[in-house]
Amino acid sequence: MKLTLSPLGITLAVAFIVGLPSTLRSVESIRKVLVPVLDLGASVRAVELAARLNQGHKAEMVIVYVHEIPLQAPLVRPERDPRIQRALDAAAFIATQHAITPRTRVDVARQAAHRIVEIAREEGADLIVMGISGQNRPNESPLGRIAEYVVRNAPVEVVVDRVPRHKILPIPADIG
């Protein structure tokens, strides 16, 4: 086997090696990660991904559930909705398995995507990690309307983990 070096190959290798330290510094500089919980299975996987990205960096994790309220209904926080609490408990449990004590938060909005971007600003987040299931409505982008808006408008980096439907595991009812 003969090894052939090309100028393009050498240039790409050098660019990769030069850029690698800045990527590592970028991950190390993350102080606060925002993880919106939208879809139970995919969002829980996003918490797992955020925790793995955070390993050894001690960044704060904020897990937020934004409850969308239709325009016709009054904009009030729902009374102790067990679905919301279950989603937050499952996400927090996964974070604690990675030695992270997350802060959880519930918010209400007419449009969840807009509120997620606002929360990222309010919290001073350095990174948003979102999980999406890949189930879209007709005429919707591959990311879905919420992730699409967040990716386009967030003031920070956004990591989107698209989980194939067959890989989403149900959340056990007795987490905690």
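Author: A helix here is a DSSP run of H or I of at least four residues, and a strand is a DSSP run of E of at least two, each numbered from the N terminus. In this predicted model, the elements read along the sequence follow the pattern α-β-α-β-α-β-α-β-α-β, and the secondary structure comes to five helices and five strands.

Reader: What pLDDT does the protein average, and which elements have the lowest and the highest mean?

Author: The average is 78 for the protein, with 69% of the residues scoring at least 70. Among the elements, helix α1 (residues 7-28) has the lowest mean pLDDT, at 59, whereas helix α4 (residues 112-123) has the highest, at 95.

Reader: What makes the five strands an open sheet, and in which order do they lie?

Author: The order is β3-β2-β1-β4-β5, with parallel pairing throughout the open sheet. Its edge strands are β3 (103-109) and β5 (157-162), each of which pairs on one side only. From one strand to the next, the twist averages 25°.

Reader: How do you know that β1 and β2 pair?

Author: Two strands count as a pair if DSSP finds at least two bridges between them. Strand β1 (residues 32-36) and strand β2 (residues 60-68) have five bridges in the parallel sense, and therefore they meet that criterion. One of the bridge partners can be named, since Val-33 is matched in β2 by Met-61.

Reader: Which strands do helices α3 and α5 touch, and what angles do their directions make?

Author: Helix α3 (residues 82-96) packs on the sheet, where α3 touches β2 and β3, and its direction makes about 165° with that of β2. Helix α5 (residues 145-153) also packs on the sheet, touching β2, β4 (127-132) and β5, with a direction that makes about 160° with that of β4. In α5, the residues Ile-146, Ala-147, Glu-148 and Val-150 are buried, and the buried residues of this helix pack against α4, β4 and β5.

Reader: Why is Arg-105 called buried or exposed?

Author: The relative accessible area of Arg-105 is 19%, and the limit for the buried class is under 20%, so Arg-105 is called buried. Arg-105 is found in strand β3. Leaving aside neighbours within four places in sequence, Arg-105 is in contact with Ile-63, Val-64, Tyr-65, Leu-88, Arg-115, Ile-119, Glu-122 and Glu-123.

Reader: And why is Thr-104 called what it is?

Author: Thr-104 is likewise found in strand β3, but its relative accessibility is 40%; the partly exposed class lies between 20% and 50%, so Thr-104 counts as partly exposed. Apart from neighbours within four places in sequence, Thr-104 is in contact with Ile-63, Leu-88 and Ala-92. The C-alpha atoms of Thr-104 and Pro-36 are separated by 9.8 Å, with the two residues 68 apart along the chain.

Reader: What makes Glu-122 and Arg-105 a salt bridge?

Author: A salt bridge needs a side-chain nitrogen of Lys or Arg within 4 Å of a carboxyl oxygen of Asp or Glu. The closest N and O atoms of Glu-122 and Arg-105 are 3.0 Å apart, and so the pair satisfies the criterion. Glu-122 lies in helix α4 and Arg-105 in strand β3, so the salt bridge ties together parts that are 17 residues apart in sequence. The side chains of Arg-105 and Glu-122 are also joined by a polar contact of 3.0 Å, a value inside the 3.5 Å limit for such contacts.

Reader: Which residues form a salt bridge with Arg-115, and which residues are joined into one network?

Author: Asp-107 forms a salt bridge with Arg-115, the closest N and O atoms being 3.0 Å apart, and both residues are buried. Salt bridges that share partners join Lys-32, Glu-60, Arg-103, Arg-105, Asp-107, Arg-115, Glu-118, Glu-122 and Glu-123 into one network.

Reader: How many salt bridges does a search of the whole structure find, and which residue forms one with Glu-68?

Author: The search finds 14. The partner of Glu-68 is Arg-145, with the closest N and O atoms 2.7 Å apart. This pair links distant parts of the chain, 77 residues apart, with Arg-145 in helix α5 and Glu-68 in strand β2. Arg-145 has 38% relative accessibility and Glu-68 a relative accessible area of 27%; buried would require under 20% and exposed over 50%, so each is partly exposed.

Reader: What percentage of the residues count as buried?

Author: Of the 176 residues, 39% count as buried. Among contacts between residues at least 6 apart in sequence, 77% join residues at least 24 apart.

Conventions:
Residues numbered from 1 in each chain as written. Predicted model: local features only at pLDDT ≥ 70, side-chain atom pairs only at ≥ 80, totals over all residues. Heavy atoms only, no water. Axes fitted to C-alpha atoms, helices over the stretch in contact; angles between N-to-C directions. Contact = heavy atoms within 4.5 Å. pLDDT = per-residue confidence, 0-100. Buried < 20%, exposed > 50% of the residue type's maximum accessible area, 1.4 Å probe, protein only. Polar contact = N/O pair within 3.5 Å; in protein donor to acceptor, adjacent residues only side chain to side chain.
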